[in-house]
Amino acid sequence: MNEKKYPISIASYSFHGMLSEGRTNIFTYLEDLKYRYNVDYADIWSGYLAPWGNLDPIDGDLLKKIKLSMDEKGITLANLCVDGPHLWMDTEEERGKHYDGAFNYMKAAVVLGAKTVRIDVGVREDAITDEQFDYVVKVYRDLADFAGNNNMRVGTENHWGASRDPKVLDRIYNAVNHKAYGHLFHFGNFIEGQKEAGLETVLKMAMHTHVPADSMPFAKEYIRKLVNADYKGTFSIEHHSSKHEYERVAWQLATVKGLITELEEEGFDKISSADYFSGIYK
């Protein structure tokens, strides 16, 4: 596998079970990334920088230490994945707090040298109102202006609520209309019946990916289509079970590497054949 051409990252959220037990932290994550998994791209979840839901500025000394640790290991931050501040809240006061919180994380991303930042839409319902849509577009434009001025991209993830609807994602993308705006493509996580429509919708806007364990049976074709769409980000391993995380992430990482190796042999211009791993598991 050509790891420079098809780079891989590992989301720190993959070890959230260990984090909750006090068995890991941001610095052990970076050690594990480099020396346990031999991966050069980080994907840092905001829960490693501050308590979940934090809206305040991130500790500047901590950020400098993290950047130093990454630089010492030759690690690049592919994505800062922000949970807590998101765009839409039901009251104007809450929206203002989350707006400021989002920019606190954008500033942290600059210090860390992030290539991309994910900040959620915030609309919990599957549908989005005109008021919500107009506000979300305005804030993403503000964030994209900041990101563009700092050589980053910022955007959504098909994560929860309205952001799992491909039509909503397409509307937001077209309305924001900014080169620094993109999308974190979480493989397969769309509203019921919209998985394939979601894939085709986000190919043009993908800036980063999350490749979960349950996507292994179909990830090969997704990877092929992303490469053919000139995707430039990393393929980021994200694990969710919160159990046996070291071992399960190793399995997931090896599987994704194997899928890419098969695609290199077959050619990315052809519809992918059945992958070796799925055949074994059957």
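This briefing walks through ring pairs, charged pairs and one helix of the structure above. Keep in mind that the model is predicted. It holds 19 aromatic pairs, and the count of salt bridges comes to 17. Helix 2, at residues 26-36, is a handy place to look, with buried residues that line one face of the helix.

**Aromatic pairs**

- A pair of aromatic rings is described by the distance of the centres and the angle of the planes.
- Among the 19 aromatic pairs is that of Tyr173 and Tyr181, with ring centres 6.3 Å apart and planes at 40 degrees, so this pair counts as tilted.
- Tyr173 is partly exposed at 22% relative accessible area, whereas Tyr181 is buried at 1%.
- Phe185 and Tyr222 are stacked, because their planes are at 20 degrees, which falls under the 30 degrees cut-off, and their centres are 5.7 Å apart.
- Phe185 belongs to strand 6 (residues 181-186) and Tyr222 to helix 8 (residues 219-228), so this stacked pair ties together parts that are 37 residues apart in sequence.
- Both rings sit in buried residues: the relative accessible area is 0% for Phe185 and 3% for Tyr222.
- A cluster linked by ring pairs takes in Tyr13, Phe15, Tyr29, Tyr37, Trp45, Tyr48 and Tyr246.

**Charges over rings**

- Arg36 lies over the face of Tyr246, at 3.5 Å from the ring centre; Tyr246 is also a member of the cluster just described.
- Arg171 has its charged end over the ring of Phe133, 3.8 Å from the centre.

**Helix 2 and its surroundings**

- At the start of helix 2, a side-chain oxygen of Asn25 comes to within 2.9 Å of the backbone nitrogen of Phe27.
- Which residues of helix 2 are buried? They are Ile26, Tyr29, Leu30, Asp32 and Leu33.
- Viewed down the helix axis, these buried residues fall within an arc of 160 degrees, so they line one face of helix 2.
- The elements that cover them include strand 1 (8-11), strand 2 (41-45), helix 3 (60-73) and helix 9 (245-266).
- Asp32 and Arg36 meet in a salt bridge, at 3.5 Å from N to O.
- These partners are four residues apart in helix 2, so about one helical turn separates Asp32 from Arg36.
- Asp32 is buried, with 12% relative accessible area, while Arg36 is partly exposed at 46%.
- After helix 2 comes Asn38, whose phi is positive, near 55 degrees.

**Other salt bridges**

- Side chains of opposite charge can pair when their charged atoms come close.
- Asp83 and Arg118 form a salt bridge in which the closest N and O atoms are 2.9 Å apart.
- Asp83 is in the loop between strand 3 (76-82) and helix 4 (92-112), and Arg118 is in strand 4 (residues 116-119), so the link joins distant parts of the chain, 35 residues apart.
- Both Asp83 and Arg118 are buried, and a network of salt bridges links them with Asp120 and Glu157.
- Another salt bridge joins the side chains of Glu3 and Lys257 (3.4 Å, N to O).
- Glu3 lies in the segment before strand 1 and Lys257 in helix 9, so this pair ties together parts that are 254 residues apart in sequence.
- Glu3 counts as partly exposed, at 38% relative accessibility.

**A buried serine**

- Ser215 is found in the loop between strand 7 (206-212) and helix 8.
- Its relative accessible area is 0%, so Ser215 is buried.
- The side chain of Ser215 reaches the backbone oxygen of Pro212 at 2.7 Å.

Key:
Residues are numbered from 1 along each chain as its sequence is written. This is a predicted model: local features need pLDDT of at least 70, side-chain atom pairs count only at pLDDT 80 or more; totals for chains, interfaces and linings use all residues. Side-chain values use heavy atoms; hydrogens and water are left out. Rings of Phe, Tyr and Trp (its six-membered ring) pair if their centres lie within 6.5 Å; planes under 30 degrees apart count as stacked, over 60 as edge-to-face and the rest as tilted. Buried means under 20% relative accessible area, exposed over 50%, partly exposed in between (1.4 Å probe, protein chains only). Helices (H or I, at least four residues) and strands (E, at least two) are DSSP runs, numbered from the N terminus. A charge sits over a ring if NZ of Lys or CZ of Arg is within 6 Å of the ring centre and within 35 degrees of the ring normal. The arc is that of the directions from the helix axis to the C-beta atoms. Contact means heavy atoms within 4.5 Å. A polar contact is a pair of N or O atoms within 3.5 Å; within protein, one must be able to donate a hydrogen and the other to accept it, and residues adjacent in sequence count only if both atoms are side-chain atoms. A salt bridge is a side-chain nitrogen of Lys or Arg within 4 Å of a carboxyl oxygen of Asp or Glu.
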